[in-house]
Amino acid sequence: RQRMDYPELIAEGTERSGDSAVAVRARMYLRLAEAEINKALRVAGNEESATITTDANGEARLPDDFSALRMIVMGNRELSAGSFQSLSTTVSSGYSVRGDTLITSWPDTDMTLHYYAKIPDLSLTGTNWLIETDPAIYLYAMLEQVFLARLDAEKAAAAHSVFEGLIDQRRRDDYVSRFGNKPYMVTGTVV
């Protein structure tokens, strides 16, 4: 796989789109592309963990790079998710996420949060793990945004289709690297 960084992404996006104004609007296209990537990508490369402490109300602010929750561990046990309504109206032993806040029924308690982190902002860092390992994901996510801005729905749809295929392949590769080719059980269903 070819390595790429932010300037190379902009140059390649300009070349493939045929739009010389890509560099002028690159940060906006990149923010939109990274938002799409953060919604779609859940792989080992963006897994993080952090120790958080709830306040007197059982609430804690989630990390700034939080994208999605994997699990929460308190002591030696994994906590169960509950609805916000059940946590606010009854005595519950679960947790819920509302916006950037974790809501639990345990005040003043340390917990380990295992989560998927947002990919680091490429315009600030110049590079990150994803563009180094899978630059095509970035390229097609950004091309989709360029074509949408140009109101070229056909090319945007084509770029989105390639993007989705690359995301699916990355997920499959991640699964195989973690578990091999063996099926595993998820809530009673063989995958």
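Let me begin with Asp168, which at 34% relative accessibility counts as partly exposed, and I should say at once that we are looking at a predicted model. Arg171 also has a relative accessibility of 34% and so counts as partly exposed. The side chains of Arg171 and Asp168 meet in a salt bridge, with 3.1 Å from N to O, and both residues lie in helix H7, three residues apart, which is about one turn of the helix. Salt bridges that share partners also join Glu47, Arg70, Asp174 and Arg178 into one network.

How many salt bridges does a search of the whole structure find? The search finds nine, and I will take two further examples, with one general remark beforehand. Side chains of opposite charge can pair when their charged atoms come close.

The next example is in helix H2, residues 26-40, where Glu36 and Lys39 are three residues apart and therefore separated by about one helical turn. Their side chains meet in a salt bridge at 3.1 Å, N to O. Glu36 counts as partly exposed, because its relative accessibility is 25%, whereas Lys39 is exposed, with a relative accessible area of 59%.

The other example is the salt bridge in which the side chains of Arg170 and Asp134 meet, at 3.3 Å from N to O. This pair links distant parts of the chain, since Arg170 sits in helix H7, residues 153-179, while Asp134 sits in the loop between helix H5 (129-133) and helix H6 (135-149), 36 residues apart. Are these two partners buried or exposed? Arg170 is buried, with a relative accessible area of 15%, and Asp134 is buried as well, with a relative accessible area of 8%.

Staying with the helices for a moment, I would like to turn to H2 and H6. Two packed helices are described by the angle between their axes and the distance between the axes. The axes of H2 and H6 come within 8 Å and cross at roughly 120 degrees, and the two helices are therefore oblique to each other. As for its handedness, the crossing of H2 and H6 is right-handed.

Now to the strands, and to the aromatic side chains that they carry. The structure holds one aromatic pair, formed by Phe66 and Tyr115, and this pair is tilted, with 5.8 Å centre to centre and 35 degrees between the planes. Because Phe66 lies in strand E3 (residues 66-74) and Tyr115 in strand E8 (residues 110-117), the pair ties together parts that are 49 residues apart in sequence. Both Phe66 and Tyr115 are buried.

The backbone links these strands too, as E3 and E8 pair in the antiparallel sense over six bridges. Which residue in E8 is the bridge partner of Val73? That partner is Thr112, and Val73 also has a bridge partner in E4, namely Glu78. Strand E4, residues 77-78, runs antiparallel to E3, and two bridges join them. E3 and E4 form a hairpin with two residues between them, and Gly75 in the turn has a positive phi of about 65 degrees.

I will finish with the open sheet of four strands, whose order is E2-E7-E6-E5 and whose pairing is mixed. The edge strands are E2 (59-61) and E5 (80-81), each of which pairs on one side only. Walking across from E2, we find three bridges joining E2 to E7, and these two strands run antiparallel, with Ala60 standing opposite Leu102 in E7.

Strand E7 itself covers residues 101-104, and from it Thr101 and Ile103 point one way, Leu102 and Thr104 point the other way, and all of them are buried. Four bridges join E6 to E7, which again run antiparallel, and the bridge partner of Arg98 in E7 is Thr101. E6 and E7 form a hairpin with two residues between them, and Gly99 in the turn has a positive phi of about 65 degrees.

At the far side of this walk, E5 and strand E6 (residues 94-98) pair in the parallel sense over two bridges, and Ser80 stands opposite Gly94 in E6.

Conventions: Residues are numbered from 1 along each chain as its sequence is written. This is a predicted model: local features need pLDDT of at least 70, side-chain atom pairs count only at pLDDT 80 or more; totals for chains, interfaces and linings use all residues. Side-chain values use heavy atoms; hydrogens and water are left out. Rings of Phe, Tyr and Trp (its six-membered ring) pair if their centres lie within 6.5 Å; planes under 30 degrees apart count as stacked, over 60 as edge-to-face and the rest as tilted. Buried means under 20% relative accessible area, exposed over 50%, partly exposed in between (1.4 Å probe, protein chains only). Two strands pair if DSSP finds at least two bridges between them. A salt bridge is a side-chain nitrogen of Lys or Arg within 4 Å of a carboxyl oxygen of Asp or Glu. Axes are lines fitted to C-alpha atoms, for helices over the stretch in contact, and angles run from 0 to 180 degrees between N-to-C directions. Angles under 35 degrees count as roughly parallel, over 145 as roughly antiparallel, 65 to 115 as roughly perpendicular and the rest as oblique. A crossing is left-handed if the near helix is turned anticlockwise from the far one by less than a right angle, and right-handed if clockwise.
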